[in-house]
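Q: Could we work through this structure one feature at a time, with the general idea set out before the particular case?

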Amino acid sequence: MSYSLQIYRKSITNMKNGTTRSEHTRTGLTVESLERAYNDNLFYLQGRSYDFSTANDRYMAAAYTVRERMLERWLKSAQTYKEQCARTVCYFSAEYLLGPHLGNNMINMGIMEKAYEASIKMELDIEEILETEVEPGLGNGGLGRLAACYMDSLATLQIPAIGYGIRYEFGIFEQRIEDGWQVERTDTWLHNGNPWELPRPKLRYGVGFGGHTEHYTGDDGMLHVRWIPELVVNGMAYDTPVLGYGVNNTNLLRLWKAEAAMSFDFQAFNVGDYYEAVRAKMEAENISKVLYPNDEPEAGKELRLKQQYFFVSCSLKDMIRLNLKGAGTLDHFHQKFAVQLNDTHPAIAVPELMRLLMDEHHMTWDKAWDITRRSFAYTNHTLLPEALETWSLKLFQRLLPRHLEIIYEINNRFLDEVRMHFLTDDSSHVERMSIIDEKGGGRVRMANLACVGSYAINGVAALHTELLKSTVLRDFQELWPDKISNVTNGVTPRRFMVLSNPGLAGLLTEKLGNGWVRDLDQLQGLESFVEDDEFCARWREVKISAKHDLADWIEQHIGTRVDPTSLFDIQVKRIHEYKRQHLNLLHIVTLYNRIKQDPGLDITPRTFIFGGKAAPGYFTAKLIIKLINAVGDVVNNDPDVAGRLKVVFVPDFSVKRGQRIFPAADLSEQISTAGMEASGTGNMKFSMNGALTIGTLDGANIEIREEVGQENFFLFGMTAEQVAEKRRAGFNPRDHYHADLELKTAIDLISSGFFSHGDAQMFRPLLDKLLQRDPFLVLADYRSYVNCQDEVAQAFRDTEHWTRMSILNVARIGKFSSDRSIRDYCENIWKIQAAPVEM
């Protein structure tokens, strides 16, 4: 008889005999109740006994077991928020890079140890179960991961919140490496089902596209506008509970799936037009089909705009429903909700809320605009002017004609305000600040729209915010000096310390108690152990254990054997020229050249680990990936190197793979051109796990260095001011190439075809860009970087001193918890209070 059937029969016998249970199977947290629930779910929901179950069956049963325990808290949270009429944060984000749910939810619920105990009793491999979970690929990188961290912190801090976004059927692509090149494959994250979401088929909203507008006089004698869309699709809600750590508060992540208003045209089918019978269904479902379609062709641009409007419209209609249900009026909508726009992707929410309030709820312009401007706050994530989203007027007119009318009116009124403020201006302010860029056929500037339609604007690191004020948003800063503020990004320690690095988390809890998990500033207590030899030895044991784990994974999945005692030098992030993975490569080639010139050279052994995805259409970034793998093929197999250098590219970098990588790092590469990175959050994850940083004064690096101490940070390169001055002065990269023999030798070796089987043309586009323009000043920072890396190599040899620096990095990292970021938002932007949930 299978184990599941034994448990089931035993439970029936107990009930017949009148045996009482201390806890309910669906909500209990004892080992026994978890055991019963798991077997019930495996048997009744998966239809399997253990003997005939697959790895996915066992994972699904575990996921349902944990989710059941979240639902009671979720419903109680909704009831509490409703009874208290609690002000609610609505986080609008086109991305949520959530990571696997199961382990994180067990951590937050406090049942990880009991789950392990139950798995031992049931002879389950809980590590296999955790590894089986497919990661939801609903984000591209830092933007989506930040949103996920903030949802975790909102719940942990007991702040009522709803995250709104898109339920992409296919997420960010799966990256494979074939012959050293990135190859994209479809991410089928929903293939085996998603046990964490609850579909809400009764919660649907129609979303219009195209068509025309009609102006008419209403019964009130006022002029009104009616939008007659050409196409209407439905958005259906899928809800995922988000549990806080150590609290009962469970918030809501609501993602929208696009569906056709009529999925099947029976008449077309009957006359033999089979494509027409399902055309509407396919066109509608395309909207939520894939994360970030290629927006080079016009069809891709159109789909991107459709996606953004689709999720914003559904979300605002849902909020209006909730507000009317609770208050009966929309007059205080802005007091009920604080809406945070995560970058410009949801900026279309500004005219959409105006449309809903005026056209569907018949408010006057002035009243609707007052509510709208007091509802939204906008987070800017980029300093690159070309990355600030714009849409052609032609596309906007065709897809969203009513919204363009509203935008024109917003702009006209706003520019009157600009003219009044800058009385002596020669119209340059008007041209720069206008929501409409009149050049090149006309475009809608979404960042300007977000600035005008929001009551607050924030940058995501101190330097980033100051540069926003002085460059990209300088005019808005002059107009509204108090509107732009800083909220430095943060990451959640629950996922990136407790879950990712249980060895370190256990050591910290043993010495400090577990309060640090919710208050990362308590890690300052580690400073008293810096001179404790026994503690330092245990710290090193935790690190070497994590490095062994990663080394084993690399050998098993990539086939490269690396030395866990070597310096693990890691750069994992999106592949982009400004992040300068090719600067890292030039250092590797330089070390290789030194060894070739002197095979007996005493060099600190290093393992260089890269990871990250390049946008499918970004040729230079994909060429950098090819070069990483090409250099690795040579270095890893050259007998002269004798294992002193290894180069590894980890394919398909994700949250799950990051959880294995961050704890193993000795050195964190944060080497972007100063003034280019808004914040970065990988830098925080590495530091939290005891890695030391080599970096520029860019993004949050500056604040990390201030917190951990400049003596515990390896600084190199130009400042943002020096970068700007060098560009103004007319930078010639060939000057650096000719002046630095090691740099010239490294570039010439790549150029010769040495790393490409004699093909001297393969990496020519990358090298030509470096030598002719070098837009991100790789060559200008090369010598400073290489010299700093020599300091790193020397420092790593002093094991005790390196350990002390590592401990101090963790002890002083408290500022970079996402809990601190959310507290800053609550106090300075959202003006919102906690609403604790009592069970």
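A: We can begin with a strand, keeping in mind that the model is a predicted one. In strand 18 both faces are covered, since Arg606, Phe608 and Phe610 on one side and Thr607, Ile609 and Gly611 on the other are all buried.

Q: Why do the residues of strand 18 fall into two sets, one on each side?
A: In a regular strand the side chains alternate between the two faces of the sheet, so every second residue points the same way. Here Arg606, Phe608 and Phe610 belong to one side, while Thr607, Ile609 and Gly611 belong to the other. Because 6 of the 6 residues of strand 18 are buried, this strand is largely enclosed by the rest of the structure.

Q: Which strands pair with strand 18, and in what sense?
A: Strand 17 (residues 567-572) pairs with strand 18 in the parallel sense over 6 bridges, and strand 19 (residues 645-650) also pairs with strand 18 in the parallel sense, over 6 bridges. Phe608 is a useful marker for following the register, for Asp569 stands opposite Phe608, and Phe608 in turn stands opposite Val647 in strand 19.

Q: What handedness do the units that contain strand 18 have?
A: Handedness is read by following the path from one strand over the helix to the next with the strands pointing away from the viewer, and a clockwise path is right-handed. Strand 17, helix 23 and strand 18 make a right-handed β-α-β unit, and strand 18, helix 24 (residues 619-635) and strand 19 make a right-handed β-α-β unit as well.

Q: Which residue pairs with Arg797 in a salt bridge, and where do the two partners lie?
A: A salt bridge is read here from the distance between a side-chain nitrogen of Lys or Arg and a carboxyl oxygen of Asp or Glu, with a cut-off of 4 Å. Arg797 forms such a bridge with Asp602, the closest N and O atoms being 3.1 Å apart. Arg797 lies in helix 32 (residues 778-797) and Asp602 in the loop between helix 23 (581-597) and strand 18 (606-611), so the pair ties together parts that are 195 residues apart in sequence. As for exposure, Arg797 is partly exposed at 40% relative accessibility, whereas Asp602 is exposed, with a relative accessible area of 62%.

Q: How many salt bridges does a search of the whole structure find, and which residues are linked in a network?
A: The search finds 59 salt bridges, and Arg200, Asp239, Arg254, Asp318 and Arg321 are linked in a network of them. Among the individual pairs, Arg58 and Glu128 meet through their side chains at 3.5 Å, N to O. This pair links distant parts of the chain, with Arg58 in helix 3 (residues 55-83) and Glu128 in helix 6, 70 residues apart. Arg58 counts as buried at 12% relative accessibility, while Glu128 counts as partly exposed at 31%.

Q: Are the partners in the salt bridge of Arg69 with Glu68 buried or exposed?
A: The closest N and O atoms of Arg69 and Glu68 are 3.4 Å apart. Arg69 is buried, with a relative accessible area of 0%, and Glu68 counts as buried at 14% relative accessibility.

Q: Which residues line the second largest pocket nearest its centre, and which classes make up the lining?
A: A pocket can be described by its volume, by the residues around it and by the elements that supply them. The second largest pocket has a volume of about 1,100 Å³ and is lined by 37 residues, of which Met112, Val498, Leu499, Ser500 and Pro502 lie nearest its centre. By class, the lining has 18 nonpolar, 11 polar and 8 charged residues. Several helices each supply at least two residues of this lining, including helix 5 (112-121), helix 20 (493-499) and helix 21 (502-512).

Q: Where does His362 lie, and what is its phi?
A: Phi is a backbone angle, and its sign can be read residue by residue. His362, although not a glycine, has a positive phi of about 55 degrees, and its place is in the loop between helix 12 (349-360) and helix 13 (365-373). At 46% relative accessibility, His362 counts as partly exposed.

Note on methods
Residues numbered from 1 in each chain as written. Predicted model: local features only at pLDDT ≥ 70, side-chain atom pairs only at ≥ 80, totals over all residues. Heavy atoms only, no water. 1 Å grid on protein atoms, 1.4 Å probe; cavity = no way out; pocket = protein on both sides within 12 Å on 5 of 7 lines; lining within 4 Å. Points joined across faces, edges and corners; volume = space filled by probe spheres on them. Helix = DSSP H or I, 4+ residues; strand = E, 2+ residues; numbered from the N terminus. Nonpolar A, V, L, I, M, F, W, Y, C, P; charged D, E, K, R; others polar. Buried < 20%, exposed > 50% of the residue type's maximum accessible area, 1.4 Å probe, protein only. Pairing = 2+ DSSP bridges.
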